[in-house]
Structure formats: structure tokens, C-alpha cells
Amino acid sequence: MSLLEVKEITHSYGASRSFWRKKEVKPVLSGVSLAIEEGTCLGLLGSSGAGKSTLGKVILGLEKPQQGQVIFQGQDVYAMDAKSRQQMRRNLQVVFQDSYSSVNPRLTAEKIIAEPLENYEKLSAGEQNRAIASLLEQVGLSSSDMKKYPREFSGGQLQRINIARALALKPKMIVLDESVSSLDMVTQTTILELLQDLKTRYGLSYLFITHDIRAAYAISDAMAIMHKGQIAEVFQDKDAVFTSQQPAVKNLVDAMLPEHPRYRNAAAPTEAKKLFSR
Ligand SMILES: Nc1ncnc2c1ncn2[C@@H]1O[C@H](COP(=O)(O)OP(=O)(O)OP(=O)(O)O)[C@@H](O)[C@H]1O
């Protein structure tokens with residue numbers, strides 16, 4: 001059984017239930033299915049507006065789809081009782097793109113990471129303090145960072161704090177929605193290395209949502225390509241993405257390859273792969 005199964009999800013925004021308040025209906029997802037195995041990363045790649053973030057929200061239980069099912073650890077996310085939903089919230093975490101707006105600027109790193117622990121665990125003050133110190137170390141920061149405020153961190157360091165918060169409840173899976181996209185290339189690489197390391201250490205699964213083929217290639221085991229609200233193709237072998245003959249995939253991959261003509265040559269996937277490898 002897969003850790004996560006998304007089955008035939010169809011979703012539109014603006015589907016009003018009231019006759020009098022009819023809104024324009026915007027179809028965003030159409031018959032989307034995919035699966036993520038335990039301990040693996042699925043890269044969900046697609047251009048802007050393809051529906052990636054909406055699918056992320058549907059998976060997290062935040063946007064109820066009109067049709068289809070999300071099955072996490074064998075249970076339907078939209079048909080589970082309150083207790084199972086609470087358990088799911090522990091096991092399924094998220095890290096968004098904008099590290100600054102994901103945190104309350106008035107809270108210290110300690111308080112930010114403490115939030116899920118206070119909501120879900122009943123730890124003594126000492127236990128909580130040790131847990132936070134350990135989480136900071138796991139993400140490459142130090143316990144001496146506990147009392148600092150968000151403005152005292154760089155974007156990359158703050159994203160490490162967001163990752164520490166997501167790790168606090170020892171989840172099974174993290175949805176990473178453009179989590180490295182607003183960082184510079186060097187910082188991106190170090191955060192991708194951290195995510196890879198945490199994945200191996202804790203057997204984590206990731207849904208890595210991105211428009212950046214380089215980042216997706218670096219971290220993913222399998223890749224799914226999304227186009228206009230549909231899954232164009234899923235690649236269990238991520239290398240196959242470069243040689244796909246499926247027009248939607250080919251166009252998308254070509255458009256996402258770097259500008260330099262040397263790397264735009266679709267006949268040279270090896271060159272492209274070298275460029276994308278860490
Ligand atoms: N809350 C909303 N209400 C109405 N339309 C929305 C809402 N959220 C997203 N959309 C629209 O749904 C479509 C898909 O958006 P979504 O954010 O899921 O795509 P995406 O692939 O993640 O793109 P991006 O990388 O630009 O965020 C877009 O046309 C977007 O404008």
C-alpha cells in the first residue's frame with residue numbers, strides 16, 4: 001500500500017452552492033491520480049497555474065475536492081473522524097515557499113518551533129526545551145538561535161526553522177510547496193541537501209512541488225509532470241523525463257531547461273542531467 005494515494009481528483013474554484021450567488025467556475029484539477037511510496041520523494045513539476053499548489057492543498061485536507069479521494073496511510077482524508085484527522089495532521093506536514101510570511105515575526109525561533117509541540121504533545125518545560133534544541137541542530141542551526149527573531153535570520157536559515165517546525169511531530173510526509181524557490185542557488189543547494197539527509201535519516205516521504213526542473217531532479221526519486229490541471233505523465237525513473245516523447249512533457253521540459261543553447265538541446269539529456277545533478 002502506498003503512503004499516499006490521490007485518486008481521480010477533480011476540483012474547481014468558485015463552485016458556489018447558492019443559486020443567487022453564482023460565481024464563475026474555474027476548473028483547476030481534472031482526474032488527477034498519483035501515489036507516493038514510503039521513504040520516497042515525488043517531484044510534482046509544472047508551469048505556473050498548472051494546479052500544483054491546489055493539489056497540495058487538496059492533499060493536506062485544506063481544499064475539499066468536488067470529486068475523487070485522497071488516501072493517506074490507508075484512510076480517506078475527507079471521510080475520517082476527528083481523531084484520525086488529528087493523527088493525520090501530525091503525520092502530514094507542509095513547508096511553503098515564503099519563509100518570512102510562514103512565521104509570526106513577533107515570535108522567537110523557540111516559540112515558532114514550540115507551536116506544534118504545544119498543540120500536540122504534553123512535554124515538560126525541560127523536555128520541550130531539549131526537543132527544540134535538538135530540532136534546531138537537526139536542521140543545521142544551533143540551540144543558541146532559540147531566542148532570535150525571524151528578522152535576525154537569512155531566508156535560508158528561516159526556511160530551516162520552518163523545516164524544524166514541520167519535523168517537530170515526527171511526520172511521515174512533508175508537502176514542500178516551492179520550498180526552495182525563493183532562495184539563491186547556493187542556499188537552494190544546501191537546503192536540498194538538508195532535505196535529502198532528513199529523508200534518509202527519518203524515512204520521510206516528500207511531495208516536492210516546483211516549477212524548477214533542476215531542483216526537482218536533484219531531490220526526487222520519481223517525477224510527475226502536471227499540465228493544465230492534469231497529470232501529463234509520471235516517471236518512476238526520473239531520467240526518463242528528458243527523453244519523453246509525450247508532447248505536453250516535451251514542451252514543458254524544453255521550456256524549463258536553462259536558456260543557454262548548450263543545455264536546450266533536447267538530444268543531449270546527459271548534458272542536462274549533469275547540470276541538474278548535485
Ligand atoms: N483560491 C483560489 N480561488 C480562485 N482561483 C484560484 C485560487 N487558487 C488558485 N486559483 C487559480 O487556480 C489555478 C491553479 O493555481 P495553482 O496555484 O494551484 O497553480 P500552480 O501550478 O501552483 O501555479 P503557481 O506555481 O503559479 O502557484 C490558477 O489559475 C489560479 O489563479
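# Helix crossings, two sheets and a ligand shell

The crossing of helices α3 and α5 is right-handed, in the sense that the near helix is turned clockwise from the far one by less than a right angle. The model is predicted, so that local features are taken at pLDDT of at least 70 and side-chain atom pairs at pLDDT 80 or more, while totals for chains, interfaces and linings use all residues. Residues are numbered from 1 along each chain as its sequence is written.

**Exercise 1. Describe how α3 packs against α5 and against α4, and list the residues that make each contact.**

Solution. Begin with the elements: helices (H or I, at least four residues) and strands (E, at least two) are DSSP runs, numbered from the N terminus. Helix α3 covers residues 109–120 and helix α4 residues 125–138, whereas α5 covers residues 155–167.

Step 1. The axes of α3 and α5 come within 7 Å and cross at roughly 30°, where axes are lines fitted to C-alpha atoms, for helices over the stretch in contact, and angles run from 0 to 180 degrees between N-to-C directions. That makes α3 roughly parallel to α5, the word being used for angles under 35 degrees.

Step 2. On the α3 side stand A109, I112, I113, E115 and P116, which meet I161, A164 and R165 of α5; contact here means C-beta atoms, placed from the backbone, within 7 Å. By class, this contact of α3 with α5 has six nonpolar, no polar and two charged residues, with Ala, Val, Leu, Ile, Met, Phe, Trp, Tyr, Cys and Pro counted as nonpolar, Asp, Glu, Lys and Arg as charged, and the others, Gly among them, as polar.

Step 3. For α3 and α4, the axes come within 10 Å and cross at roughly 115°. The two helices are therefore roughly perpendicular, a label that covers 65 to 115 degrees. Their crossing is right-handed, and the contact joins E110, I113, A114 and L117 of α3 to Q128, A131, I132 and L135 of α4. These residues divide into six nonpolar, one polar and one charged.

**Exercise 2. Work out the order of the six-stranded sheet and find its edges.**

Solution. Step 1. The strands follow the order β6-β7-β8-β3-β9-β10 in an open sheet with mixed pairing, two strands being paired if DSSP finds at least two bridges between them. Because β6 (92–95) and β10 (230–235) each have a single partner strand, they stand at the edges, and one side of each is left without a neighbour in the sheet. From one strand to the next the twist averages 20°.

Step 2. At the β10 edge, β9 (residues 222–227) pairs with β10 in the antiparallel sense over five bridges, and I225 has E233 in β10 as its bridge partner.

Step 3. At the other edge, α5 lies across β6 and β7 (173–177), running at about 170° to β6.

**Exercise 3. Trace the four-stranded sheet, including its hairpin and the helix that lies across it.**

Solution. Step 1. This open sheet has the order β2-β1-β4-β5 with antiparallel pairing. Since β2 and β5 (75–76) each have a single partner strand, they are the edges, with one side of each lacking a neighbour in the sheet.

Step 2. Five bridges join β1 to β4, and K7 stands opposite Q69 in β4. Strand β4 (residues 67–72) pairs with β5 over two bridges: F72 stands opposite Q75, and I71 has D76 as its bridge partner.

Step 3. Two residues separate β4 from β5 in their hairpin, and Q73 in the turn has a positive phi of about 50°.

Step 4. Helix α1 lies across β1 (4–13), β2 and β4, at about 120° to β1.

**Exercise 4. Identify the elements that supply the shell around the ligand.**

Solution. Step 1. The ligand is surrounded by 13 residues, the closest being Y13, S48, K52, S53 and T54; a residue is counted if its C-beta atom, placed from the backbone, lies within 6 Å.

Step 2. Strand β2 (26–36) and helix α1 (52–60) each supply at least two of the shell residues, and the largest share, three residues, comes from α1.

Step 3. By class, the shell has three nonpolar, eight polar and two charged residues.

Notes: Two residues are in contact if their C-beta atoms, placed from the backbone, lie within 7 Å. Angles under 35 degrees count as roughly parallel, over 145 as roughly antiparallel, 65 to 115 as roughly perpendicular and the rest as oblique.
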